[in-house]
Amino acid sequence: MRKISKIGVLTSGGDAPGMNPCIRAVVRTALYNGLEVVGIRQGYKGLIDNDMYEMDRRSVSNILNLGGTILKTARCLPFKTDEGMEQAYQHAKARGIDALVVIGGDGTFTGALRFSRKYPDIAVMGVPGTIDNDLCGSTYTLGFDTATNTVIQAIDKIRDTADAHDRLFFIEVMGRDSGAIALRAGISCGAEAILLPERATAIDDLIANLKEGHMNKKSSSIVIVAEGDKNGGVYGVAKAVQEEVKNYDIKVTILGHLQRGGAPSSFDRILGSRLGFAAVNALIAGESQKMVGLQANHILMTDLEAALNHHEFKLEEDLLQMMDILSI
Ligand code: F6P
């Protein structure tokens, strides 16, 4: 069986609240088991640039409550090249790293899978960390709960002012390819409509629904538009609606990167700790090219390749049905 002695840990891609509790769990679980830990700064970029440092128990003190990631993160194009990967491998080997914990989303896992196929002597374990909640093999990804709560708080406030002025708001939330935040936040805030990348919405139907709501004495309306919706973005949708319903007082809000920051929720602190703990234990057990994830409240492993299978990933059917019924 593969035996490891030094784990490198990195966070890559978009940061997500809960990454810090996860780093803490990785470091302390590894040290508890007599392993050494190297922190890699800015994701794969740190491997390529040899920007790494030895971590001890105190390097992860008082970080449970911090958003962002103490290791910093990046989207690293050079890691997609053979030269970049070779450089990363040479630096990892020179440090004595024989296992990696990579915390991130689909881009991070795609890189991890390529790397570990090319250099199988370094074991790789993925931890799902993205606010997008779009990986197979984990019902929830790190940061999704916190981000959704942040969005809900913001939309509740917008509802107050929308109601006071009888206005129609179009609110863009994050999710280039994923409607997960839009769907949950929309149902939680009673949005009149939710536009998702996974499901086409005809603008004519949207307009008809909004008019109907108006006739049914709705004082305010909120339409949530996920970043990746295919109707021309939040401004495009708002413009198309305004052209048809001239008497509406329409406003647009883009929530943007505030959705990625903030202290992790209780859920994300526990999930980060569980996943970090499980990732190290899986590496000690000789596993590689897997992702640890939450399934029916158990931490289970999925092949990295399967975790990336977007065709298998689906938004919850009951939530999709509900969104058309509850807010009418
Ligand atoms: O992958 C998470 C995510 O927040 C997406 O929802 C969003 O489209 C993207 O990152 C934004 O990335 P960046 O911060 O690099 O602009």
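Student: Where does Ala 25 sit in this predicted model?
Tutor: In this predicted model, Ala 25 is part of helix H1, which runs over residues 19-32.

Student: Why is Ala 25 called buried?
Tutor: Its relative accessible area is 10%. Buried means under 20%, so Ala 25 gets that label.

Student: What does Ala 25 touch, leaving out residues up to four places away in sequence?
Tutor: Gly 272, Ser 273, Gly 276 and Phe 277.

Student: And Val 27, buried or exposed?
Tutor: Val 27 is also placed in H1. Its relative accessibility is 0%, and the cut-off for buried is under 20%, so Val 27 counts as buried. Setting aside neighbours within four places in sequence, Val 27 is in contact with Val 37, Met 55, Asp 56 and Val 60.

Student: Which residues does UniProt list under "binding site" along with Ala 25 and Val 27?
Tutor: The unreviewed UniProt entry lists them with Arg 24, Val 26, Arg 28, Arg 159, Gly 190, Ala 191, Glu 192, Lys 218, Ser 219 and Ser 220.

Student: How do you know that they do not all gather at one spot?
Tutor: Look at the spread: the set spans 197 residues in sequence, and its farthest two C-alpha atoms are 53.1 Å apart, so a single gathering place for all of them is ruled out. From this set, Glu 192 and Lys 218 belong to the lining of the second largest pocket.

Student: What does UniProt say about Asp 106?
Tutor: The unreviewed entry has a "binding site" annotation that covers Asp 106. In the model, Asp 106 is found in helix H4, residues 106-118.

Student: What makes Asp 106 partly exposed?
Tutor: The number is 27% relative accessible area. Partly exposed is the range between the 20% and 50% cut-offs, so 27% puts Asp 106 there. Beyond its neighbours within four places in sequence, Asp 106 is in contact with Asp 134, Leu 135, Leu 308 and His 310.

Student: Why are H3 and H4 called roughly perpendicular?
Tutor: The axes of H3 (residues 82-95) and H4 cross at roughly 70° and come within 11 Å. Roughly perpendicular covers 65 to 115 degrees, so H3 is roughly perpendicular to H4.

Student: Which residues make that contact?
Tutor: H3 brings Asp 82, Met 85, Ala 88 and Tyr 89, while H4 brings Gly 111, Arg 114, Phe 115 and Lys 118. Sorted by type, the contact residues come out as four nonpolar, one polar and three charged.

Student: Back past the end of H1, what makes Asn 33 partly exposed?
Tutor: Asn 33 is in the loop between H1 and strand S2 (36-40). With a relative accessible area of 36%, Asn 33 falls between 20% and 50%, so partly exposed is the right term. Its contacts, leaving aside neighbours within four places in sequence, are Asn 281 and Ile 284. The C-alpha atoms of Asn 33 and Ser 5 are separated by 9.5 Å, with the two positions 28 residues apart along the chain.

Student: What is the phi of Gln 42?
Tutor: Near 60°, a positive value in a residue other than glycine. Gln 42 lies in the loop between S2 and helix H2 (44-49). At 27% relative accessible area, Gln 42 is partly exposed.

Student: And what is the phi of Asn 50?
Tutor: Asn 50 has a positive phi near 60° and is a residue other than glycine. Asn 50 lies in the loop between H2 and strand S3 (52-55). Its relative accessible area is 33%, between 20% and 50%, so Asn 50 is partly exposed.

Note on methods: Residues are numbered from 1 along each chain as its sequence is written. This is a predicted model: local features need pLDDT of at least 70, side-chain atom pairs count only at pLDDT 80 or more; totals for chains, interfaces and linings use all residues. Side-chain values use heavy atoms; hydrogens and water are left out. UniProt positions are given in the numbering used here, feature names are shortened, and annotations may be inferred rather than shown by experiment. On a 1 Å grid over the protein atoms alone, a cavity is a set of points where a 1.4 Å probe fits but cannot get out, and a pocket is an open set with protein on both sides within 12 Å along at least five of seven lines; lining residues have an atom within 4 Å of a point. Helices (H or I, at least four residues) and strands (E, at least two) are DSSP runs, numbered from the N terminus. Buried means under 20% relative accessible area, exposed over 50%, partly exposed in between (1.4 Å probe, protein chains only). Contact means heavy atoms within 4.5 Å. Axes are lines fitted to C-alpha atoms, for helices over the stretch in contact, and angles run from 0 to 180 degrees between N-to-C directions. Angles under 35 degrees count as roughly parallel, over 145 as roughly antiparallel, 65 to 115 as roughly perpendicular and the rest as oblique. Ala, Val, Leu, Ile, Met, Phe, Trp, Tyr, Cys and Pro count as nonpolar, Asp, Glu, Lys and Arg as charged, and the others, Gly among them, as polar.
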